[in-house]
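Grab a coffee and work through these exercises with the structure open beside you. Try each task before reading its solution.

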Amino acid sequence: TDVTVCFCEVDGNPSPELEWHLSGRPVTNSSNTFISEERLSSTGLRSSITLHHNNTHGTARKLQLPLSHLQFT
């Protein structure tokens, strides 16, 4: 099993909320995915997503998203 961890840290007024998306679909906690959030201040938030994945039929490669794919709500 391979593990990929992504982090995002935001600051704004009003305080932002983060929602993780993969292939355009919202991601929630599951047996293969863990999302954590930590308030840094009244206007700051840090979030991470941990993905556990495997490929029994070949090789896996890391997914790297450019910042243009991040959407803030």
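**Exercise 1. Place F7 in the fold, then decide whether F7 is buried or exposed.**

Solution.
- Step 1: Find the element. F7 sits in strand β1, which covers residues 2-11. Keep in mind that this is a predicted model.
- Step 2: Check the accessibility. The cut-off for exposed is over 50% relative accessible area, and F7 comes in at 63%, so F7 is exposed.
- Step 3: Look for company. F7 joins V3 and V5 in a nonpolar surface patch of about 300 Å².

**Exercise 2. Describe the chain as a whole: how many helices and strands are there, and what pattern do they follow?**

Solution.
- Step 1: Count elements. The chain has 0 helices and 5 strands.
- Step 2: Read them in sequence order. That gives β-β-β-β-β.
- Step 3: Ask how much is hidden. Of the 73 residues in the chain, 23% are buried.
- Step 4: Turn to the surface. About 5900 Å² is exposed, and carbon and sulfur atoms supply 50% of that area.
- Step 5: See how far apart contacting residues lie in sequence. Take the contacts with a separation of 6 or more: 56% of them are between residues 24 or more positions apart.

**Exercise 3. Work out how β4 and β5 are arranged: which way do they run, and how many bridges join them?**

Solution.
- Step 1: Mark the strands. β4 spans residues 33-39 and β5 spans residues 44-53.
- Step 2: Get the direction and the bridge count. The two strands run antiparallel and are joined by 7 bridges.
- Step 3: Look at the connection. β4 and β5 make a hairpin, with 4 residues between them.
- Step 4: Pick out a facing pair. E37 stands opposite S47, a residue of β5.

**Exercise 4. Stay with β5 and look at T50: is T50 buried or exposed, and which residues does T50 contact?**

Solution.
- Step 1: Locate the residue. T50 belongs to strand β5.
- Step 2: Apply the cut-off. Buried means under 20% relative accessible area; T50 has 16%, so T50 is buried.
- Step 3: List the partners. Skipping neighbours within four places in sequence, T50 contacts V3, T4, V5, N32, T33 and F34.
- Step 4: Tie this back to Exercise 1. Two of those partners, V3 and V5, also help make the nonpolar surface patch with F7.

**Exercise 5. Find the salt bridges: how many are there in the whole structure, and which residues do they join into one network?**

Solution.
- Step 1: Search everything. The total is 2 salt bridges.
- Step 2: Take the E9–R46 pair. Their side chains meet at 2.9 Å, N to O. This pair links distant parts of the chain, with E9 in strand β1 and R46 in strand β5, 37 residues apart.
- Step 3: Take the E38–R46 pair. Here the closest N and O atoms are 3.1 Å apart.
- Step 4: Combine them. The bridges share partners, joining E9, E38 and R46 into one network.
- Step 5: Check how open each member is. E9 is exposed at 53%, whereas R46 is partly exposed at 31% and E38 is partly exposed at 42%.

**Exercise 6. Look at E19: where does E19 lie, and which side chain does E19 touch in a polar contact?**

Solution.
- Step 1: Place the residue. E19 is in the loop between β1 and β2, the latter being residues 21-22.
- Step 2: Read the accessibility. At 46% relative accessible area, E19 is partly exposed.
- Step 3: Find the contact. The E19 side chain makes a polar contact of 2.7 Å with the side chain of H21.
- Step 4: Compare sequence and space. E19 and S47 are 28 residues apart in sequence, and their C-alpha atoms are 9.2 Å apart.

**Exercise 7. Inspect the backbone: which peptide bond is cis, and what is phi of S23?**

Solution.
- Step 1: Recall the usual picture. Most residues other than glycine have a negative phi, and most peptide bonds are trans.
- Step 2: Go to the peptide bond from N13 to P14. This bond is cis, with omega near 10°, and P14 lies in the loop between β1 and β2.
- Step 3: Move on to S23. Its phi is near 55°, a positive value in a residue other than glycine.
- Step 4: Add the setting. S23 lies in the loop between β2 and β3 (25-26) and is exposed, at 72% relative accessibility.

Methods:
Residues are numbered from 1 along each chain as its sequence is written. This is a predicted model: local features need pLDDT of at least 70, side-chain atom pairs count only at pLDDT 80 or more; totals for chains, interfaces and linings use all residues. Side-chain values use heavy atoms; hydrogens and water are left out. Patches are made of residues with over 30% relative accessible area and no salt bridge: like charges are joined within 9 Å, nonpolar side chains (Val, Leu, Ile, Met, Phe, Trp, Tyr) within 5 Å. Accessible areas come from the Shrake-Rupley method with a 1.4 Å probe; for residues, only the protein chains shown count as cover. A salt bridge is a side-chain nitrogen of Lys or Arg within 4 Å of a carboxyl oxygen of Asp or Glu. Buried means under 20% relative accessible area, exposed over 50%, partly exposed in between (1.4 Å probe, protein chains only). Contact means heavy atoms within 4.5 Å. Two strands pair if DSSP finds at least two bridges between them. A polar contact is a pair of N or O atoms within 3.5 Å; within protein, one must be able to donate a hydrogen and the other to accept it, and residues adjacent in sequence count only if both atoms are side-chain atoms.
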